[in-house]
Each structure stands twice: as C-alpha cells, then as structure tokens.
Amino acid sequence: MFQSKNETFVCEVEADVELDLQRSVQAVLRELSAQAPALQSNRGMWRWSLHKKVERDPGKSPALVRILLRELEKAESEDARHIIIPLLHTLMYVLTKATGITEELHRRTYTFCTRLLTLPAPYCTIALDCAIRLKTETAVPGTLYQRLVIAEQNLTSELYPYRERVFLFVDPELVSPSVCSALLLEIEAAQGQQTPEACMRHVVSHALQAALGEACHAGALQRKLLASSRPALERYFHAVVTAVEQMAREPSPSREGHLERLEEIYCSLLGPAATARGRCGGDPLQDRPLSVPLPSPRITFHLWTDEEQLWKELVLFLRPQTQLRLSADLEALDLQGLLPDWELAWASMLSTDSGIERDLPPGADELLAPGSPEAERAGLQRKGGIKKRVWPADIVMPSSWDGPPGLHRRTGRPSGDGELLPGVSRLHTARVLVLGDDRMLGRLARAYRNLRKRETQRFCLTPRLSLQLYYIPLVAPQTSAASRHSELGELAAFLGRMDPWYESIVNTLCPTIHKLAEMPLSLDTSQTVDPFILDAITYYVRMGTQPIYFQIYTVKIFSGDLSQDPAEDIFLTELKVKIQDSKFPKDSFSPRRRGVAEGPGAELSICYQKALLSHRTREVTVSLRATGLVLKTLPASDTEVSGPTHCTPTAAPDTDHTCLKVSVTEIVKTSNLAGRSFSVVTNTFRTAHIQIQSQDRRLLTLSLDKDSCHTYKDVVRFEVAPCPEPCSGTHKSKVLGLSSHRQEMERNKAKAKPLLMPINTFSGIVQ
C-alpha cells in the first residue's frame, strides 16, 4: 500500500514537471511567432529560464528532451520551418550539458536530424552538423561536454589539443565607460571560480554520470574529487579524457565498451563497494544526479584602440601555447613595432638581359665549385626577372585563395576544421565578438581587410587559426529613439530579419546591458548569481556557427587640391554624400559646365554599371542636380534579399552580381508663369560600380559607415567598387612587360574576387 502511494506521488511529480517544461517551451514558440508587445519585452528570457530549470535540476533533462523532440516532429509534419532551427539549437544545448539522457532519446534525435537532410539550406547544413555530433554522443556519452570544456578552458590534453578563446572588443569612443565596467565585472565574476582544478572536476564528474547513469553515486563522487590533490585530480582527468577520446575515434565505437572503461575509473575512485552499491541500487534521494555546470568560455576583454589590434591579439593567442614553430616570418615578428606596408609589399622587376647567349657577360656560363664563396653569393643573388617569394619549407602558399573558406570553417567547431595545408592542423579557434553599432562594424571591416592583406604577405595565422566573427548591437541609450536606433543599427536589423533566433537572443540584449550598467557596481564578485548577459553571450558564441557574408566596398576619393594624392578607404553599410556650401577654384580639378543654372544642390555627373538580371555590363552616364545621395549595401526589406549579395562561400558571387542601393535626392527645375521653381524627387537604382563627380565647383563631404572618424571633406570626385581580396593584387606584377592583348587576357583570368566579411548567426539566411 505504501509503495503504491509512493509510486503515485512520483508520477504526479513527474507530470507536474513535464507540464511546467511544456509551458516554458510553448512560451519560447509564442515568442518566435507573435508580435505582441508583452512578449517582445521578455524576448530571450524564456530560453534562458528554460535552460536554468534543467541546470538546477538535471533530472528534468530527459523530460525536456522528449518535449523538444515532440515539438520538432510536429513542426516537421506541419511544415513550420521557422521554429525548427531554434528548437534544434535548444535541444542540442540540452544534450551537451545533460547527463541522464538514454540511448533511445539520442537515437531518436539522430534519426530526426537525418530526416532534415532533405530540406534546403540552412536546415540541411545545421542538421548535418548536429547528426555528426550526435552519432558520437550516442556511442560515447559525454563527448560533446568534454571537448567543449577542454577547448574553451585551454586544458592540457594530447588527445584533444584544440584551443578556443572569445575576444570581446568594445570601442570606448562608442560605448560608455559604465557599460564597459559592468561587462568587465560580470565576466570576472562568472570566471573567478572557473579554476583549472574545478574544470577538471566537472569533466570527470560529467563523463562518469553520463556513462554510468543511475549507477553513479554522484554525491560520493563529488566529495572524492573535492578531496583529491592536484596530481591525483590530473591523473583522473587524463584517464577519463583518454577513455572518451580513444573510444570516440574508433571506427565503430561501442557504448558497452565505453561503459566498461569508465566503470574501471569509477571503481578506482570510490572502490569496488561503491560500484556494487550503485548497481544494486542505493538511496534514490542521495544518488540523484547532481548538477554539473558547464563553465562559460574563456573571455578576454579588450578596448578597441586601432585597426592593428585584432591582428596583434590573434598572434599573441597563437604564440604562447603552441609547441610548433609557426613559421620563419612569425618567429621574426616584432609586435612592438610592426613593419610598414611598403616593406611587406611584393616586389617585381623586369628582366634586363636580352635572352641572347652572346649578350651574357663573360664567365656567366661557367660552373662554380660547390661550397666556394662565389657559389654561395650566386645562390643569394637575384637574377634579372620577377622576384619570387620563397616561403619556409613547412609552409606552402595555396595556388589560389577561394575567399571565405580559406580562413573560416563552416560549422564552427574544431573537429570540422581539417587541414588547410598538408601536415598543418588548425588547433586554435578565435571567436571575435564586437559590441557596438554600425560604426564599430565599419572599423571591424577595416581591421579584417588589413588582417587578410597581412596574411597574403606573411601567411602565419591562416594555417593554424580559425577566425569566427560575432556581433552584438549596442546603441547609446540617449540615441535609442526609433529613428536613431534604426539609423545606427541597420546591420543588426538585417541580421534579425534573416535569422529570427538571432533577433530573439542577440538583438534584445541592448536594453539589458544598459540596465546592468545603471546598477550600482559591486566589487564582491562572489555575489553574482545567474548572469543573464554572459549566459546569452555564451549561448551565441557556442551555437552561432552559420555565417552571413557581407560585401566590403572600397572608395577612391579625389580632393579639390591637386597636390594631394587620391585617398582610399572602405565601408561596410553606408556611404553618405552631402553638398558643401564652399566651392573650389575655377582652375582646379573639374571645370564648371557651361549652361548650368545656379540653384540648390550641386550638378553631379554619375557614371555607373547598371545591375541587370542577365548580369551583363551596361554603363549609364547621367547628369543631374542633387542635394545629396546615399549608397547602402543592405536591402531595406526581406523582399530585396537576393541571395547572391549575402550568400555562402560555396556560391560566392562575382563582383558584377553584388549591388549597392543608390538613392539620389534630385532637384527638378520647373518653369511656369509664376517663375522658376524647384521640386525634390528621390531616384533609386542598383549598381556595383559607380563614379560621381561634381560639375559646378561644389565640394562634397563623404561619411563612411556613419562614422565621424571616417569623414572626408572637400571632395570633387569619388569611385566606389567592391573591395577585392587582397591576394588578388599579387597578379598585377605578372602582367608587366606583356603585350596589351596578353595583359588583358591575364587580367581577365586573374579577376579579383570580392572580399566578404562573415558574421556568425544561428541559422544564416532563412529564405
């Protein structure tokens, strides 16, 4: 009778737990579907509270997995694709952290992911990545957790030598000191307790609980690990890592064999008596699974100072812990004073000899004795001809750089990286996270272009480093009005339209960060509990593995002062042109056209290549009077997203296919009996290449990416085109000295590929 009542009570408790979790999951789904203001204010909190429920009570994890699987299968049957990726990310995050998941639930999840492979991208891409990880996790429980902690916490392991770090960059010119201090304190508070010893205890405890399940005496295991010395703890840690990794690398890993290995380790920890008691069954209240936290990744906080800082931090990340010689170039780096660009440039020379044997100097064809000083000098001396860059023996420059795939991996995890060069593995992953608005992204684009340019000259980071870029929008509170927010957050709004989960998780952090900055600072870092912002950042950098690629544009600027050389710069989101009141002298750059009537604005000559559906080149030249114009790289609505502009690297577009949206505020003159009048009309067209010149001596002001630090005044002409990959410039020296026909053929053959900057999201572009 007593046992029957106890079983009834347990069933009622489990039903209540499942009902509570079901309500939380439904709240997340309503958040993705509804536009109600009440739900908008709590966006992102539902996902956080759901994960916190199973983190505080790990026994709820199997119930949550079953609920998420039911919702995913329902979404698949109803073709509700907009909730598949958020639910799948939520499910994978639970499976990574949980310990009590049965083999049957793992296999159900794996089967569901294989069914998603028939869907178009990005669903099939994300499903394939999940299926690959689930196949290993099903046979070897605890693999995902162990690899994540080892890589993020930089724990030493010969069998899994991957390293990851999150670089958080904040520009003090764009973000207030209170926000910087609040973020820094929250990061330090969360990471203060994450010592290497604590992380090793988490790995051992999680692996044993995941493999042994209810047979693991979690309380006794935790007490034993806490009482162990550092050498003993390291011995247990390496034993667990070796058992997990060796089994995971086998062609056909066996769950039973994995269980036997970890039982031996568990027996060595607690003794045979504890193992036998666990098999026979002990006190269910004492043997219930304990929460094993998943430590937040190692985050380093950086104040953005200059465009070279990103490259310097990445070099320092590689250099201290690597045991391999990176390259002769990297070993010779002087981080305090970097070499100027002209010292790094590729040099070329034309051959000075005629190629005729009788024109050679006397003794040129004589063989030199091996080892003689003359032979040594001859080996170091350049002959007439094109200079060839000689790379170290362990580094071979690829014949062609295919753009984003050469520097970025597709799935965002170490095991998917492979080898860029034979015998050279990329063991390090740098996750660069920037906070700010569109101005910060413009500065990041310049740093990214400089990094790619430096890599074509030195090639020291690319072979061993995977670079992932992340973005969290942050707009100053005093400019958070709707108009100002949309002006400085255009790229964040675009990412939110393309990825609903990004809109829910990331785009909602701005007000929360400002609320954190308004709270009184507490120097007692031990009092911080459940940091929401850090948890959201951690979830983003772990699960945001699908990049969206953005075209970077270059602008060549000609000043009214003929003594100045043209300036070159780049922009990512916007170039705005304003008309100055001042004029340049008549004998300066561009003479005024005759017959041009005075009026508001300036007379502009616009020459551009019109974007056609056939991708054919059609140049258009117009002259008009305008008060200003704006060049935008982002589509204003979902209907303007055309795929080729922001696509995956497997279908990288040609520069002819990328488009700028140009809006010209034109002044139209009308004459009637009352006299002359002017009206304003906004004309819009799309192009990839454009040249604009002032015709009536009016000067222009250019503003790039809404950044006052990148504003150019007294401009008379400028040219805009897609920014090419820096490596494509190496072909220029190869066409020197050839005939005009051969030069044209070489230029067409070595056509520059566009430089695309990736920003990671949860799903990429969802059409």
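1. A good place to start is a charged pair: the side chains of E173 and R443 come together in a salt bridge, at 3.3 Å from N to O. E173 belongs to the loop between β1 (163-170) and α9 (177-191) and R443 to helix α20, so this pair ties together parts that are 270 residues apart in sequence. The two partners sit in contrasting surroundings. E173 counts as exposed because its relative accessibility is 56%, whereas R443 has a relative accessible area of 8% and is therefore buried. Please keep in mind as you read on that this is a predicted model.

2. While you are at α20, have a look at G442, which has its place in that helix (residues 438-457). Is G442 buried or exposed? With a relative accessible area of 1%, G442 is buried. Its C-alpha atom is separated by 9.4 Å from that of H710, although the two positions lie 268 residues apart along the chain.

3. Back to the charged pairs. How many salt bridges does the count come to? The count comes to 32. One of them joins R625 and D696, whose side chains meet at 3.1 Å, N to O. This pair links distant parts of the chain, with R625 in strand β12 (residues 619-632) and D696 in the loop between β14 (675-694) and β15 (698-704), 71 residues apart. Both R625 and D696 are buried. There is also a network: D438, E490, E574, K632 and K706 are joined by salt bridges that share partners.

4. For a local example, turn to E234 and R230, which form a salt bridge with their closest N and O atoms 2.7 Å apart. Both residues lie in helix α12, four residues apart, or about one turn of the helix. An α-helix has 3.6 residues a turn, so residues three or four places apart point the same way. E234 is partly exposed, with a relative accessible area of 28%, and R230 is partly exposed as well, at 37%.

5. Helix α12 (residues 230-248) deserves a look of its own. Its 19 residues reach 27 Å from the first C-alpha to the last, close to the 27 Å expected at 1.5 Å a residue. Its buried residues include L233, Y236, F237, V240 and V241, and E245 is also among them. What covers the buried residues of α12? The cover includes α7, α8 (143-153), α10 (196-212), α11 (218-227) and α13 (255-270).

6. Helix α5 (residues 84-97) offers another case to view. This helix has 14 residues and reaches 20 Å from its first C-alpha to its last, close to the 20 Å expected at 1.5 Å a residue. It is mostly covered, with 14 of its 14 residues buried.

7. Now for the strands. Nine of the nine residues of β6 (residues 465-473) are buried, so this strand is largely enclosed by the rest of the structure. L465, L467, L469, Y471 and P473 point one way from β6, while S466, Q468, Y470 and I472 point the other way. Strand β5 (residues 428-436) pairs with β6 in the parallel sense over nine bridges. Within this pairing, T429 has S466 of β6 as its bridge partner.

8. Strand β15 gives you an antiparallel pairing to look at: three bridges join it to strand β16 (residues 711-722). L700 stands opposite V715 in β16. β15 is mostly covered, with six of its seven residues buried. The hairpin of β15 and β16 has six residues between the strands, and D705 takes a positive phi near 55° there.

9. Two smaller sites round off the tour. L117, L128 and I132 make a nonpolar surface patch of about 250 Å². L117 is found in the loop between α6 (103-115) and α7 (123-139), and it counts as partly exposed because its relative accessibility is 37%. S504, found in helix α23 (residues 500-505), has 0% relative accessibility and so counts as buried. Which residues does S504 contact, leaving aside its neighbours within four places in sequence? S504 is in contact with E31, R43 and G44.

Conventions
Residues are numbered from 1 along each chain as its sequence is written. This is a predicted model: local features need pLDDT of at least 70, side-chain atom pairs count only at pLDDT 80 or more; totals for chains, interfaces and linings use all residues. Side-chain values use heavy atoms; hydrogens and water are left out. Patches are made of residues with over 30% relative accessible area and no salt bridge: like charges are joined within 9 Å, nonpolar side chains (Val, Leu, Ile, Met, Phe, Trp, Tyr) within 5 Å. Accessible areas come from the Shrake-Rupley method with a 1.4 Å probe; for residues, only the protein chains shown count as cover. A salt bridge is a side-chain nitrogen of Lys or Arg within 4 Å of a carboxyl oxygen of Asp or Glu. Helices (H or I, at least four residues) and strands (E, at least two) are DSSP runs, numbered from the N terminus. Buried means under 20% relative accessible area, exposed over 50%, partly exposed in between (1.4 Å probe, protein chains only). Contact means heavy atoms within 4.5 Å. The expected span of a helix is 1.5 Å times one less than its number of residues. Two strands pair if DSSP finds at least two bridges between them.
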